[in-house]
Amino acid sequence: MIKSEKPTIFRSERSPLKVTLLVFSGSSIMCVASAVDPLRAANRISGETLFDFKLVSVTGEAPVTTCGLPVAVSGRFDATEPADVLVVVAGFGTQNYATSALLSGLRRAARAARACGGVEAGTWLVARAGLLEGRSATTHWEDMEDFSSAFPGVDVRPDRYVIDGPVFTSGGASPTFDLMLHLIRTRLGMAVALDVASVFIYDQARAATDAQPLVSLGRLDGYDPRLAQAIRLMESHVDQPLTIDAVAKRAGVTARTLESIFRKSIGETPGAYYLRLRLGAARRLVVDTRIAMADIAGRTGFSSAAAFSRAFSRAFGEAPVRLRRG
């Protein structure tokens with residue numbers, strides 16, 4: 001990190017991150033969703049607004065995506081409005097948006113923010129604003145050659161996403177989802193990232209440096225396959241929890257080895273993770289349904305409604321009945 005640069009946002013930190021997403025017409029709806037929905041899910045899973053995001057457009061009107069669906073925005077892009085992170089999401093027609101006023105606004109907002117980035121063709125606008133000069137970056141694989149010619153001062157890489165100091169870029173929708181999982185994992189821990197991936201049944205996250213056209217397997221880059229197997233077992237036995245010894249045996253390891261794997265990868269014991277997994281399922285039922293508390297207790301493996309309420313209160317700071325009323 002250059003001495004004059006601010007500390008990266010990709011680090012363990014639970015303070016809320018204020019994120020502004022500037023969306024342009026011609027963007028892919030999948031790119032927009034990949035940038036926003038993992039953050040929304042992380043907030044829901046954690047029970048806190050740790051990613052305070054909003055969507056804006058240049059005019060304040062809803063940008064129309066390539067599939068014809070408009071994206072609701074909260075207003076016009078204001079370069080003077082404080083934000084920790086600025087994310088530029090664009091697709092077709094970026095050449096029509098690169099006005100001097102916009103590029104000046106991007107530079108001003110980026111100077112004030114802790115980080116800024118471009119998603120797919122948003123990288124072009126970030127580069128035209130001069131924010132990628134002397135840095136590494138990526139864009140969609142179809143545009144890589146043209147991008148390299150247009151910006152010779154940028155080290156263009158065929159990676160899925162690139163983080164260079166306070167600037168990040170991604171090549172498309174799926175890499176953006178990977179990038180957001182990486183942000184969530186580095187800030188809130190692997191357990192939350194796993195939970196977010198589970199919400200979307202997303203089990204093919206890739207490393208940043210994987211080439212865009214290549215497929216690499218894995219729920220999260222760098223995972224231990226025995227960890228994934230154990231978690232799948234836990235997920236399929238929420239209502240009738242297995243013992244940790246049983247989980248370990250089915251995963252082909254000893255209980256001690258399984259505990260070591262969990263501590264190294266997630267930072268908590270298998271038992272603690274399993275309980276959190278069940279309580280997360282319970283919380284969704286409490287918030288999203290009108291199912292009786294006794295039934296929720298049974299569906300999530302608790303011996304009684306009282307035992308469920310005690311565990312829930314310890315985890316979330318309030319009883320399930322109070323959360324439902326609130």
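Which residue follows helix 1, and what is the sign of its phi? In this predicted model, the residue in question is Gly47, and its phi is positive, near 75°. The helix that ends there is a good place to start looking around.

Helix 1 covers residues 29-46, which makes 18 residues. From its first C-alpha to its last it reaches 26 Å, close to the 26 Å expected at 1.5 Å a residue. There is still a kink in it, of about 25°, at Val36. The proline Pro38 comes shortly after that point. At the start of the helix, Ser28 lends a hand: one of its side-chain oxygens comes to within 3.1 Å of the backbone nitrogen of Met30.

A good many residues of helix 1 are tucked away from the surface. The buried ones are Cys31, Val32, Ser34, Ala35, Val36, Pro38, Leu39, Ala41, Ala42, Asn43, Ile45 and Ser46. Both the kink residue Val36 and the proline Pro38 thus turn up among the buried positions. As for what covers these residues, the list includes four strands: strand 1 (17-23), strand 2 (51-56), strand 3 (85-90) and strand 4 (115-120). It also includes two helices, helix 5 (173-188) and helix 6 (190-199).

One of the covering strands, strand 4, holds a residue with a backbone quirk. Most residues other than glycine have a negative phi. Glu120, which lies in strand 4, has a positive phi of about 50° although it is not a glycine. Glu120 also counts as buried, because its relative accessibility is 17% and the limit for that label is under 20%.

Aromatic rings come next. Searching the whole structure turns up ten aromatic pairs. One of them joins Phe10 and Phe168: the ring centres are 6.2 Å apart and the planes stand at 85°, so this pair is edge-to-face. It brings together distant parts of the chain, with Phe10 in the segment before strand 1 and Phe168 in strand 8 (residues 167-170), 158 residues apart. Both partners are out of sight: Phe10 is buried with a relative accessible area of 14%, and Phe168 is buried with 3%.

Another pair is made by Phe24 and Tyr97. Here the centres are 5.0 Å apart and the planes are at 40°, so the pair is tilted. Phe24 sits in the loop between strand 1 and helix 1, while Tyr97 sits in the loop between strand 3 and helix 2 (100-112), so the pair ties together parts that are 73 residues apart in sequence. The two rings fare differently at the surface: Phe24 is buried, at 3% relative accessible area, whereas Tyr97, at 26%, counts as partly exposed.

Further along the chain, ring pairs link Phe302, Phe308, Phe312 and Phe316 into a cluster. Arginines join in as well. Arg278 lies over the face of Phe302, 4.4 Å from the ring centre, and the charged end of Arg283 sits over the ring of Phe316, 5.5 Å from its centre.

A last stop is Pro225, in helix 7 (residues 225-235). Pro225 is exposed, with a relative accessible area of 51%. It is 26 residues from Ala251 in sequence, and in space the two are 9.3 Å apart, C-alpha to C-alpha.

Notes:
Residues numbered from 1 in each chain as written. Predicted model: local features only at pLDDT ≥ 70, side-chain atom pairs only at ≥ 80, totals over all residues. Heavy atoms only, no water. Expected span 1.5 Å × (residues − 1). Bend = angle between axes of the 7 residues up to and from the residue. Buried < 20%, exposed > 50% of the residue type's maximum accessible area, 1.4 Å probe, protein only. Contact = heavy atoms within 4.5 Å. Polar contact = N/O pair within 3.5 Å; in protein donor to acceptor, adjacent residues only side chain to side chain. Phe/Tyr/Trp six-rings, centres within 6.5 Å; stacked < 30°, edge-to-face > 60°. Lys NZ or Arg CZ within 6 Å of the ring centre and 35° of its normal.
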